[in-house]
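The following exercises treat pairings between side chains and between strands. Each task is followed by a solution in steps.

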Amino acid sequence: MAALMKSVTVRALKFSSAVNFKLNRCGGTPKLSVRSFSAIMSPPSKAIVYEQHGSPDSVTRVVNLPPVEVRENDVCVKMIAAPINPSDINRIEGVYPVRPPVPAVGGYEGVGEVYAVGSGVDGLSPGDWVIPSPPSSGTWQTYVVKEESVWHKIDKTCPMEYAATITVNPLTALRMLEDFVSLNSGDSVVQNGATSIVGQCVIQLARLRGISTINIIRDRAGSDQAKENLKALGADEVFSERQLNVKNVKSLLGNLPEPALGFNCVGGNAASLVLKFLREGGTMVTYGGMSKKPITVSTTSFIFKDLALRGFWLQNWLSVGKVKECREMIDYLLGLAREGKLTYETELVPFDEFHVALDKSLGKVGRQPKQVITF
(Lines give C-alpha, C1' and ligand atoms only; values in the text may rest on other atoms or scores of the structure.)
Protein backbone atom coordinates (compact mmCIF):
# COMPACT_ATOMS: atom_id res chain seq x y z
CA MET A 1 0.00 0.00 0.00
CA ALA A 2 2.88 2.39 0.81
CA ALA A 3 4.35 1.86 -2.64
CA LEU A 4 0.98 2.54 -4.23
CA MET A 5 0.55 5.75 -2.28
CA LYS A 6 3.93 7.03 -3.46
CA SER A 7 2.83 6.64 -7.06
CA VAL A 8 -0.24 8.84 -6.73
CA THR A 9 0.04 12.20 -8.47
CA VAL A 10 -0.67 15.52 -6.75
CA ARG A 11 -3.90 15.81 -8.73
CA ALA A 12 -5.01 12.34 -7.65
CA LEU A 13 -4.23 13.17 -4.02
CA LYS A 14 -6.39 16.29 -4.20
CA PHE A 15 -9.20 14.30 -5.84
CA SER A 16 -8.85 11.50 -3.28
CA SER A 17 -9.11 13.95 -0.41
CA ALA A 18 -12.29 15.42 -1.88
CA VAL A 19 -13.85 11.97 -2.27
CA ASN A 20 -12.67 10.95 1.18
CA PHE A 21 -14.31 13.93 2.85
CA LYS A 22 -17.51 13.63 0.80
CA LEU A 23 -18.13 9.92 1.16
CA ASN A 24 -16.08 8.38 3.94
CA ARG A 25 -17.44 11.10 6.20
CA CYS A 26 -21.02 10.58 4.95
CA GLY A 27 -21.31 13.88 3.18
CA GLY A 28 -21.14 17.46 4.35
CA THR A 29 -18.59 20.22 3.84
CA PRO A 30 -15.39 19.56 5.81
CA LYS A 31 -14.12 22.25 8.15
CA LEU A 32 -10.47 22.90 8.76
CA SER A 33 -9.47 21.69 12.20
CA VAL A 34 -6.31 20.98 14.13
CA ARG A 35 -5.92 17.28 14.87
CA SER A 36 -4.25 16.11 18.03
CA PHE A 37 -1.45 13.60 17.82
CA SER A 38 -3.65 11.08 19.67
CA ALA A 39 -6.41 11.07 17.01
CA ILE A 40 -7.39 7.64 15.68
CA MET A 41 -6.84 7.48 11.94
CA SER A 42 -8.08 4.96 9.41
CA PRO A 43 -5.52 3.19 7.22
CA PRO A 44 -5.09 4.48 3.65
CA SER A 45 -7.86 3.11 1.43
CA LYS A 46 -8.25 2.02 -2.19
CA ALA A 47 -11.60 2.92 -3.72
CA ILE A 48 -13.57 2.63 -6.94
CA VAL A 49 -14.75 6.14 -7.77
CA TYR A 50 -16.45 8.08 -10.54
CA GLU A 51 -16.02 11.83 -11.09
CA GLN A 52 -18.98 12.16 -13.45
CA HIS A 53 -22.03 10.17 -14.46
CA GLY A 54 -21.83 7.94 -17.50
CA SER A 55 -21.18 4.40 -18.63
CA PRO A 56 -19.66 2.59 -15.60
CA ASP A 57 -16.93 0.94 -17.64
CA SER A 58 -15.64 4.32 -18.77
CA VAL A 59 -16.12 6.63 -15.77
CA THR A 60 -14.99 4.39 -12.88
CA ARG A 61 -11.39 4.12 -11.76
CA VAL A 62 -9.39 2.97 -8.74
CA VAL A 63 -7.78 5.67 -6.60
CA ASN A 64 -5.83 5.74 -3.35
CA LEU A 65 -7.46 7.65 -0.51
CA PRO A 66 -5.47 9.07 2.43
CA PRO A 67 -6.30 8.20 6.05
CA VAL A 68 -9.22 10.00 7.71
CA GLU A 69 -9.90 10.68 11.36
CA VAL A 70 -12.11 8.25 13.29
CA ARG A 71 -14.09 10.64 15.46
CA GLU A 72 -15.79 9.97 18.79
CA ASN A 73 -18.92 8.26 17.43
CA ASP A 74 -17.32 6.78 14.33
CA VAL A 75 -16.49 3.22 13.38
CA CYS A 76 -13.76 2.32 10.90
CA VAL A 77 -14.71 -0.83 8.99
CA LYS A 78 -12.39 -2.94 6.85
CA MET A 79 -14.63 -4.11 4.02
CA ILE A 80 -14.75 -7.86 3.36
CA ALA A 81 -17.11 -8.06 0.38
CA ALA A 82 -19.55 -5.88 -1.56
CA PRO A 83 -21.76 -6.71 -4.58
CA ILE A 84 -22.37 -4.95 -7.87
CA ASN A 85 -26.13 -4.41 -8.04
CA PRO A 86 -28.13 -3.02 -10.97
CA SER A 87 -28.95 -0.01 -8.81
CA ASP A 88 -25.21 0.63 -8.34
CA ILE A 89 -24.83 0.76 -12.11
CA ASN A 90 -27.83 3.10 -12.40
CA ARG A 91 -26.34 5.46 -9.80
CA ILE A 92 -23.11 5.68 -11.77
CA GLU A 93 -25.07 6.27 -14.96
CA GLY A 94 -26.92 9.09 -13.22
CA VAL A 95 -30.39 7.64 -13.85
CA TYR A 96 -31.24 6.38 -10.35
CA PRO A 97 -33.70 8.63 -8.45
CA VAL A 98 -31.40 8.91 -5.41
CA ARG A 99 -27.63 9.07 -5.87
CA PRO A 100 -24.64 10.63 -4.09
CA PRO A 101 -23.04 13.79 -5.49
CA VAL A 102 -19.95 13.27 -7.62
CA PRO A 103 -17.10 12.59 -7.16
CA ALA A 104 -18.39 9.49 -5.43
CA VAL A 105 -17.30 6.06 -4.26
CA GLY A 106 -19.48 3.30 -5.72
CA GLY A 107 -21.33 0.56 -3.90
CA TYR A 108 -24.38 0.53 -1.65
CA GLU A 109 -24.27 -2.65 0.45
CA GLY A 110 -21.66 -5.07 1.73
CA VAL A 111 -20.11 -6.63 4.81
CA GLY A 112 -17.03 -5.64 6.73
CA GLU A 113 -15.09 -6.18 9.93
CA VAL A 114 -14.73 -3.46 12.55
CA TYR A 115 -11.15 -2.21 12.46
CA ALA A 116 -11.26 0.64 15.01
CA VAL A 117 -13.88 2.56 16.99
CA GLY A 118 -14.11 6.09 18.36
CA SER A 119 -14.03 6.80 22.08
CA GLY A 120 -17.82 7.20 22.27
CA VAL A 121 -18.67 3.88 20.62
CA ASP A 122 -19.86 1.18 23.03
CA GLY A 123 -21.97 -1.14 20.86
CA LEU A 124 -19.26 -2.38 18.51
CA SER A 125 -15.73 -3.71 18.96
CA PRO A 126 -12.82 -4.51 16.64
CA GLY A 127 -13.40 -7.90 15.00
CA ASP A 128 -17.20 -7.59 14.83
CA TRP A 129 -18.83 -8.19 11.46
CA VAL A 130 -21.15 -5.38 10.37
CA ILE A 131 -23.27 -4.32 7.41
CA PRO A 132 -24.62 -0.83 6.65
CA SER A 133 -28.29 -0.93 7.59
CA PRO A 134 -30.16 0.68 5.96
CA PRO A 135 -27.75 0.42 3.02
CA SER A 136 -25.33 3.30 2.64
CA SER A 137 -23.31 4.52 -0.34
CA GLY A 138 -19.55 4.11 -0.63
CA THR A 139 -18.94 0.40 0.05
CA TRP A 140 -16.54 -0.15 -2.86
CA GLN A 141 -13.45 0.74 -0.84
CA THR A 142 -11.11 -1.10 1.47
CA TYR A 143 -11.85 1.01 4.59
CA VAL A 144 -15.06 2.91 5.36
CA VAL A 145 -15.50 5.37 8.23
CA LYS A 146 -19.06 6.21 9.24
CA GLU A 147 -21.01 6.81 12.42
CA GLU A 148 -21.86 3.87 14.67
CA SER A 149 -25.59 4.26 13.91
CA VAL A 150 -24.96 3.25 10.28
CA TRP A 151 -23.64 -0.20 11.18
CA HIS A 152 -25.54 -3.33 12.17
CA LYS A 153 -23.66 -6.15 13.90
CA ILE A 154 -24.30 -9.60 12.42
CA ASP A 155 -23.39 -13.20 13.20
CA LYS A 156 -19.90 -13.95 11.85
CA THR A 157 -20.86 -17.53 11.02
CA CYS A 158 -22.90 -16.41 8.00
CA PRO A 159 -21.09 -16.93 4.66
CA MET A 160 -19.70 -13.58 3.56
CA GLU A 161 -21.35 -13.68 0.12
CA TYR A 162 -24.78 -13.76 1.77
CA ALA A 163 -23.88 -11.18 4.41
CA ALA A 164 -22.72 -8.86 1.61
CA THR A 165 -25.88 -9.24 -0.48
CA ILE A 166 -28.72 -9.82 1.99
CA THR A 167 -30.07 -6.28 2.28
CA VAL A 168 -31.19 -5.34 -1.23
CA ASN A 169 -32.48 -8.39 -3.13
CA PRO A 170 -33.64 -10.84 -0.41
CA LEU A 171 -35.19 -8.05 1.65
CA THR A 172 -37.08 -6.84 -1.43
CA ALA A 173 -38.50 -10.34 -1.93
CA LEU A 174 -39.56 -10.62 1.71
CA ARG A 175 -41.25 -7.22 1.82
CA MET A 176 -43.19 -7.79 -1.40
CA LEU A 177 -44.53 -11.10 -0.11
CA GLU A 178 -45.72 -9.47 3.10
CA ASP A 179 -46.78 -5.92 2.26
CA PHE A 180 -49.44 -6.08 -0.46
CA VAL A 181 -51.75 -9.09 -0.13
CA SER A 182 -52.52 -11.22 2.90
CA LEU A 183 -51.28 -14.64 1.81
CA ASN A 184 -51.97 -17.94 3.51
CA SER A 185 -50.60 -21.43 3.15
CA GLY A 186 -52.11 -22.94 0.01
CA ASP A 187 -52.16 -19.65 -1.91
CA SER A 188 -50.00 -18.96 -4.95
CA VAL A 189 -48.05 -16.07 -6.50
CA VAL A 190 -46.83 -15.49 -10.06
CA GLN A 191 -43.69 -13.65 -11.16
CA ASN A 192 -41.53 -12.87 -14.17
CA GLY A 193 -37.76 -12.47 -13.94
CA ALA A 194 -37.77 -15.64 -11.86
CA THR A 195 -34.06 -16.36 -12.39
CA SER A 196 -33.06 -13.07 -10.73
CA ILE A 197 -31.93 -13.17 -7.11
CA VAL A 198 -35.18 -11.51 -6.05
CA GLY A 199 -37.07 -14.15 -8.05
CA GLN A 200 -35.10 -16.99 -6.49
CA CYS A 201 -35.71 -15.58 -3.01
CA VAL A 202 -39.45 -15.24 -3.70
CA ILE A 203 -39.58 -18.95 -4.58
CA GLN A 204 -37.80 -20.03 -1.41
CA LEU A 205 -39.51 -17.64 1.01
CA ALA A 206 -42.92 -18.53 -0.43
CA ARG A 207 -42.22 -22.23 -0.11
CA LEU A 208 -41.37 -21.79 3.59
CA ARG A 209 -44.86 -20.31 4.02
CA GLY A 210 -46.61 -23.05 2.05
CA ILE A 211 -47.25 -20.71 -0.88
CA SER A 212 -46.91 -22.01 -4.45
CA THR A 213 -45.06 -20.07 -7.17
CA ILE A 214 -45.71 -19.79 -10.89
CA ASN A 215 -42.56 -18.53 -12.57
CA ILE A 216 -41.96 -16.97 -15.99
CA ILE A 217 -38.53 -16.87 -17.66
CA ARG A 218 -37.27 -15.58 -20.98
CA ASP A 219 -36.75 -17.82 -24.01
CA ARG A 220 -33.00 -18.10 -24.42
CA ALA A 221 -30.14 -20.57 -24.57
CA GLY A 222 -30.00 -22.59 -21.35
CA SER A 223 -33.65 -22.03 -20.44
CA ASP A 224 -34.19 -25.76 -19.83
CA GLN A 225 -31.39 -25.78 -17.27
CA ALA A 226 -32.77 -22.60 -15.72
CA LYS A 227 -36.12 -24.34 -15.26
CA GLU A 228 -34.47 -27.26 -13.52
CA ASN A 229 -32.52 -24.90 -11.25
CA LEU A 230 -35.67 -23.08 -10.20
CA LYS A 231 -37.51 -26.36 -9.61
CA ALA A 232 -34.64 -27.41 -7.34
CA LEU A 233 -35.21 -24.25 -5.28
CA GLY A 234 -38.88 -25.16 -4.84
CA ALA A 235 -40.63 -23.58 -7.83
CA ASP A 236 -43.96 -25.28 -8.54
CA GLU A 237 -44.29 -24.25 -12.19
CA VAL A 238 -41.79 -22.63 -14.54
CA PHE A 239 -42.82 -21.44 -18.01
CA SER A 240 -40.90 -19.74 -20.75
CA GLU A 241 -42.64 -16.79 -22.40
CA ARG A 242 -43.15 -18.83 -25.59
CA GLN A 243 -44.99 -21.54 -23.66
CA LEU A 244 -47.50 -18.93 -22.53
CA ASN A 245 -48.47 -18.01 -26.06
CA VAL A 246 -51.82 -19.72 -25.60
CA LYS A 247 -55.38 -18.41 -25.43
CA ASN A 248 -55.92 -19.34 -21.79
CA VAL A 249 -52.77 -19.41 -19.67
CA LYS A 250 -54.74 -20.44 -16.59
CA SER A 251 -55.33 -23.82 -18.22
CA LEU A 252 -51.65 -24.48 -17.47
CA LEU A 253 -52.09 -24.14 -13.70
CA GLY A 254 -53.34 -27.67 -13.11
CA ASN A 255 -54.28 -27.98 -9.45
CA LEU A 256 -52.65 -24.70 -8.42
CA PRO A 257 -54.99 -21.89 -7.32
CA GLU A 258 -55.19 -18.71 -9.32
CA PRO A 259 -52.66 -16.29 -7.81
CA ALA A 260 -53.81 -13.20 -5.97
CA LEU A 261 -50.36 -11.57 -6.17
CA GLY A 262 -47.86 -11.13 -8.98
CA PHE A 263 -44.40 -9.58 -9.25
CA ASN A 264 -43.02 -7.81 -12.30
CA CYS A 265 -39.41 -6.73 -12.82
CA VAL A 266 -39.35 -6.87 -16.62
CA GLY A 267 -42.21 -4.85 -18.11
CA GLY A 268 -43.54 -5.15 -21.65
CA ASN A 269 -45.07 -8.47 -22.67
CA ALA A 270 -43.63 -10.23 -19.61
CA ALA A 271 -45.75 -7.98 -17.39
CA SER A 272 -48.85 -8.75 -19.45
CA LEU A 273 -48.25 -12.47 -18.86
CA VAL A 274 -48.24 -11.92 -15.10
CA LEU A 275 -51.55 -10.07 -15.37
CA LYS A 276 -53.13 -12.92 -17.34
CA PHE A 277 -52.52 -15.34 -14.47
CA LEU A 278 -53.98 -13.14 -11.73
CA ARG A 279 -57.39 -13.94 -10.31
CA GLU A 280 -60.16 -11.38 -10.02
CA GLY A 281 -59.15 -8.62 -7.62
CA GLY A 282 -55.49 -9.62 -7.87
CA THR A 283 -52.52 -7.27 -7.50
CA MET A 284 -49.36 -6.95 -9.59
CA VAL A 285 -46.37 -5.29 -7.93
CA THR A 286 -43.71 -3.80 -10.20
CA TYR A 287 -40.21 -3.45 -8.75
CA GLY A 288 -38.09 -3.23 -11.90
CA GLY A 289 -38.17 -2.65 -15.63
CA MET A 290 -35.38 -4.66 -17.22
CA SER A 291 -36.89 -4.61 -20.70
CA LYS A 292 -37.27 -0.80 -20.54
CA LYS A 293 -40.71 -1.28 -22.09
CA PRO A 294 -43.95 0.09 -20.62
CA ILE A 295 -46.65 -1.99 -18.98
CA THR A 296 -49.76 -2.29 -21.13
CA VAL A 297 -52.98 -3.27 -19.38
CA SER A 298 -56.14 -4.26 -21.21
CA THR A 299 -59.37 -2.46 -20.40
CA THR A 300 -61.00 -5.76 -19.48
CA SER A 301 -58.33 -6.39 -16.82
CA PHE A 302 -59.52 -3.31 -14.98
CA ILE A 303 -63.25 -3.49 -15.62
CA PHE A 304 -63.97 -7.20 -15.37
CA LYS A 305 -61.09 -8.42 -13.21
CA ASP A 306 -60.60 -5.30 -11.04
CA LEU A 307 -56.84 -5.79 -11.02
CA ALA A 308 -54.62 -3.47 -9.01
CA LEU A 309 -51.20 -2.23 -10.10
CA ARG A 310 -48.74 -1.27 -7.37
CA GLY A 311 -45.06 -0.42 -7.17
CA PHE A 312 -42.30 -1.24 -4.69
CA TRP A 313 -39.02 0.58 -4.11
CA LEU A 314 -36.97 -0.72 -1.19
CA GLN A 315 -35.23 2.59 -0.56
CA ASN A 316 -38.56 4.35 -0.15
CA TRP A 317 -39.66 1.69 2.35
CA LEU A 318 -36.41 2.07 4.30
CA SER A 319 -36.71 5.86 4.44
CA VAL A 320 -39.77 5.90 6.69
CA GLY A 321 -38.20 4.96 10.00
CA LYS A 322 -37.92 1.21 9.46
CA VAL A 323 -34.37 0.75 10.79
CA LYS A 324 -35.27 -1.57 13.69
CA GLU A 325 -37.69 -3.61 11.58
CA CYS A 326 -35.18 -3.76 8.74
CA ARG A 327 -32.46 -5.15 10.98
CA GLU A 328 -34.76 -7.75 12.48
CA MET A 329 -35.67 -8.98 8.99
CA ILE A 330 -32.01 -9.03 7.94
CA ASP A 331 -31.20 -11.23 10.93
CA TYR A 332 -34.07 -13.52 9.96
CA LEU A 333 -32.86 -13.77 6.35
CA LEU A 334 -29.25 -14.35 7.42
CA GLY A 335 -30.48 -17.12 9.70
CA LEU A 336 -32.15 -18.80 6.72
CA ALA A 337 -28.94 -18.45 4.72
CA ARG A 338 -26.89 -20.05 7.50
CA GLU A 339 -29.35 -22.96 7.62
CA GLY A 340 -29.22 -23.44 3.84
CA LYS A 341 -32.89 -22.49 3.45
CA LEU A 342 -32.10 -19.41 1.35
CA THR A 343 -29.57 -19.82 -1.44
CA TYR A 344 -28.60 -18.06 -4.65
CA GLU A 345 -25.57 -18.07 -6.88
CA THR A 346 -22.82 -15.48 -6.53
CA GLU A 347 -19.32 -15.15 -7.95
CA LEU A 348 -16.54 -13.81 -5.73
CA VAL A 349 -14.12 -11.52 -7.57
CA PRO A 350 -10.93 -9.98 -6.09
CA PHE A 351 -10.96 -6.19 -5.78
CA ASP A 352 -8.08 -5.88 -8.27
CA GLU A 353 -10.29 -7.53 -10.91
CA PHE A 354 -13.19 -5.13 -10.40
CA HIS A 355 -13.52 -4.21 -14.06
CA VAL A 356 -13.84 -7.89 -15.01
CA ALA A 357 -16.73 -8.15 -12.55
CA LEU A 358 -18.18 -4.91 -13.89
CA ASP A 359 -18.17 -6.21 -17.47
CA LYS A 360 -20.03 -9.30 -16.30
CA SER A 361 -22.55 -7.17 -14.39
CA LEU A 362 -23.11 -5.08 -17.52
CA GLY A 363 -23.97 -8.22 -19.48
CA LYS A 364 -20.99 -8.06 -21.80
CA VAL A 365 -20.24 -11.76 -21.46
CA GLY A 366 -23.74 -13.24 -21.24
CA ARG A 367 -25.76 -13.96 -18.14
CA GLN A 368 -23.55 -14.25 -15.05
CA PRO A 369 -24.08 -14.82 -11.32
CA LYS A 370 -24.24 -11.85 -8.96
CA GLN A 371 -20.74 -10.34 -8.89
CA VAL A 372 -19.37 -9.83 -5.38
CA ILE A 373 -16.10 -7.96 -4.89
CA THR A 374 -13.81 -9.27 -2.17
CA PHE A 375 -11.27 -7.03 -0.44
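Two strands pair if DSSP finds at least two bridges between them; helices (H or I, at least four residues) and strands (E, at least two) are DSSP runs, numbered from the N terminus. This is a predicted model, in which local features need pLDDT of at least 70 and side-chain atom pairs count only at pLDDT 80 or more, while totals for chains, interfaces and linings use all residues. Residues are numbered from 1 along each chain as its sequence is written, and side-chain values use heavy atoms, with hydrogens and water left out.

**Exercise 1.** Determine the order of the strands in the open sheet of 3 strands, and state which of them stand at the edges.

*Solution.* Step 1: the order is β2-β1-β4, with antiparallel pairing. Step 2: β2 (60–65) and β4 (104–105) each have a single partner strand, so one side of each is left without a neighbour in the sheet. Step 3: strand β1 (residues 45–50) pairs with β4 over 2 bridges. Step 4: opposite tyrosine 50 stands alanine 104 of β4.

**Exercise 2.** Identify which parts of the chain are tied together by the salt bridge of lysine 364 and aspartate 57.

*Solution.* Step 1: a salt bridge is a side-chain nitrogen of Lys or Arg within 4 Å of a carboxyl oxygen of Asp or Glu. Step 2: the side chains of lysine 364 and aspartate 57 meet in such a bridge at 2.4 Å, N to O. Step 3: lysine 364 lies in the loop between α13 (354–361) and β16 (370–374), and aspartate 57 in helix α3 (residues 56–59), so the pair ties together parts that are 307 residues apart in sequence. Step 4: buried means under 20% relative accessible area, exposed over 50%, and partly exposed in between (1.4 Å probe, protein chains only). Lysine 364, with 47%, is partly exposed, and aspartate 57, with 29%, is partly exposed.

**Exercise 3.** Is arginine 175 buried or exposed, and in which helix do arginine 175 and aspartate 179 lie?

*Solution.* Step 1: the two side chains form a salt bridge of 2.3 Å, N to O. Step 2: both residues belong to helix α6 (residues 169–179), 4 residues apart, about one turn of the helix. Step 3: arginine 175 counts as buried at 6% relative accessibility, whereas aspartate 179 is partly exposed at 33%.

**Exercise 4.** State how many salt bridges the rule gives.

*Solution.* The count comes to 16 salt bridges.
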